[in-house]
Amino acid sequence: MVCTDPCNGLMPDIKVQSNPLKGNRKRLLDLMKKLKATDIGYHRDLLLAIVNGRPSFGSAYMDEFPYNLEPRSSPTWFAAVSLVADLVSSASTSYNFGSLPSQKHDPPTLDSFEVQCMLKCIIPRAFSRGVINRGLQHDVLLVRHGCVRFLLEALKLLDNLISAIDCISHSNNSVVNNWLSLKQDIQDEARALLPDPQVLFL
């Protein structure tokens, strides 16, 4: 496929050790933003395939998410929140958490590219804490359901990330404190972005 096969020049290929294909990140991201993923099925499939191929594109796309996520009972909103949940799910299954334990050196910082990519997938800028809180307290059950489904996918991704860090901290005693510090930083950041726990029980 033109967008997902690195040989076609758009998708970067970081798996190649020597002379990796750089692709064209800006052009691919521009294409992603032009897709009518909430209206056209194959546009949605293409978008998810791109994120599945390179999750960092998912975080970049959600950082400039082209749809309004302010909770409201409308087909447009339901399609948008469903798309966000699918994007987070795709990113969660595509991130290679299994490769993290092979890192024997100090962990990345909270502000590093890879950690920020994951955090932007966990809570996209367009789906702020206030927006989620309003969605969870909405009068319409389906709106609340849409927000809960997104939260479920976000928490799955967060759990995968935390579990990978725990695995490293148990297998690498020399830098265990550094990894545990990163874990705490990520949890603090997620806690600030995710909705108040009591809202879930209203």
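The buried residues of helix 3 are covered by elements that include helix 1 (25-34), helix 2 (41-53), helix 4 (75-94) and helix 5 (113-122). In this predicted model, helix 3 spans residues 55-63, and 8 of its 9 residues are buried, so the helix is largely enclosed by the rest of the structure. The buried positions are Pro55, Ser56, Phe57, Gly58, Ser59, Ala60, Tyr61 and Met62.

The setting of this helix is a protein chain with 8 helices and 0 strands. Read along the sequence, the order of elements is accordingly α-α-α-α-α-α-α-α. The chain comprises 202 residues, of which 47% count as buried. Among contacts between residues at least 6 apart in sequence, 68% join residues at least 24 apart.

The packing of helix 3 against helix 2 was examined in further detail. The axes of the two helices lie 5 Å apart and form an angle of about 125°. This angle makes helix 2 oblique to helix 3, because it falls outside the ranges counted as roughly parallel, roughly antiparallel or roughly perpendicular. On the side of helix 2, the contact involves Leu47, Ile50, Val51, Asn52 and Gly53. These residues meet Pro55, Phe57, Gly58 and Tyr61 of helix 3. By residue class, the contact divides into 6 nonpolar and 3 polar residues, with no charged residue.

Two of the helix 2 residues in this contact, Val51 and Asn52, are also touched by Ser94. Ser94 belongs to helix 4 and is buried, with a relative accessible area of 18%. When residues up to four places away in sequence are not counted, Ser94 touches Val51, Asn52 and Pro55. Pro55 is itself one of the buried residues of helix 3. In sequence, Ser94 and Val51 are 43 residues apart, while their C-alpha atoms are 7.9 Å apart in space.

A further set of contacts involves Leu48, which is located in helix 2. Leu48 counts as buried at 18% relative accessibility, because buried means under 20%. Its contacts, leaving aside neighbours within four places in sequence, are with Asp86, Leu87 and Ser90. The C-alpha atoms of Leu48 and Val88 are separated by 9.6 Å, and the two residues are 40 positions apart in sequence.

Aromatic side chains were considered next. The structure holds 4 aromatic pairs. One of them joins Tyr61 and Phe65 in an edge-to-face arrangement, with 5.8 Å between the ring centres and 85° between the planes. Phe65 also pairs with Tyr67, again edge-to-face, at 5.4 Å centre to centre and 65° between the planes. Through these ring pairs, Tyr61, Phe65 and Tyr67 are linked into a cluster. Tyr61 counts as buried, at 0% relative accessibility, and Phe65 is buried with a relative accessible area of 10%. Tyr67 is likewise buried, as is its partner Phe65. Tyr61 thus takes part both in the ring cluster and in the contact of helix 3 with helix 2.

Cysteine residues were also surveyed. A search of the whole structure finds 0 disulfides. For Cys117, the closest cysteine sulfur is that of Cys121, at 6.9 Å; this separation is too far for a bond, because a disulfide requires the sulfur atoms to lie within 2.5 Å. Cys117 is buried, with a relative accessible area of 4%. Cys147 also counts as buried, at 0% relative accessibility.

Helix 7, covering residues 141-171, contains Leu152. In contrast to the buried residues described above, Leu152 counts as partly exposed, at 45% relative accessibility. The C-alpha atoms of Leu152 and Ser89 are separated by 9.2 Å, and these residues are 63 positions apart along the chain.

Key
Residues numbered from 1 in each chain as written. Predicted model: local features only at pLDDT ≥ 70, side-chain atom pairs only at ≥ 80, totals over all residues. Heavy atoms only, no water. Buried < 20%, exposed > 50% of the residue type's maximum accessible area, 1.4 Å probe, protein only. Helix = DSSP H or I, 4+ residues; strand = E, 2+ residues; numbered from the N terminus. Contact = heavy atoms within 4.5 Å. Phe/Tyr/Trp six-rings, centres within 6.5 Å; stacked < 30°, edge-to-face > 60°. Axes fitted to C-alpha atoms, helices over the stretch in contact; angles between N-to-C directions. Parallel < 35°, antiparallel > 145°, perpendicular 65-115°, else oblique. Nonpolar A, V, L, I, M, F, W, Y, C, P; charged D, E, K, R; others polar.
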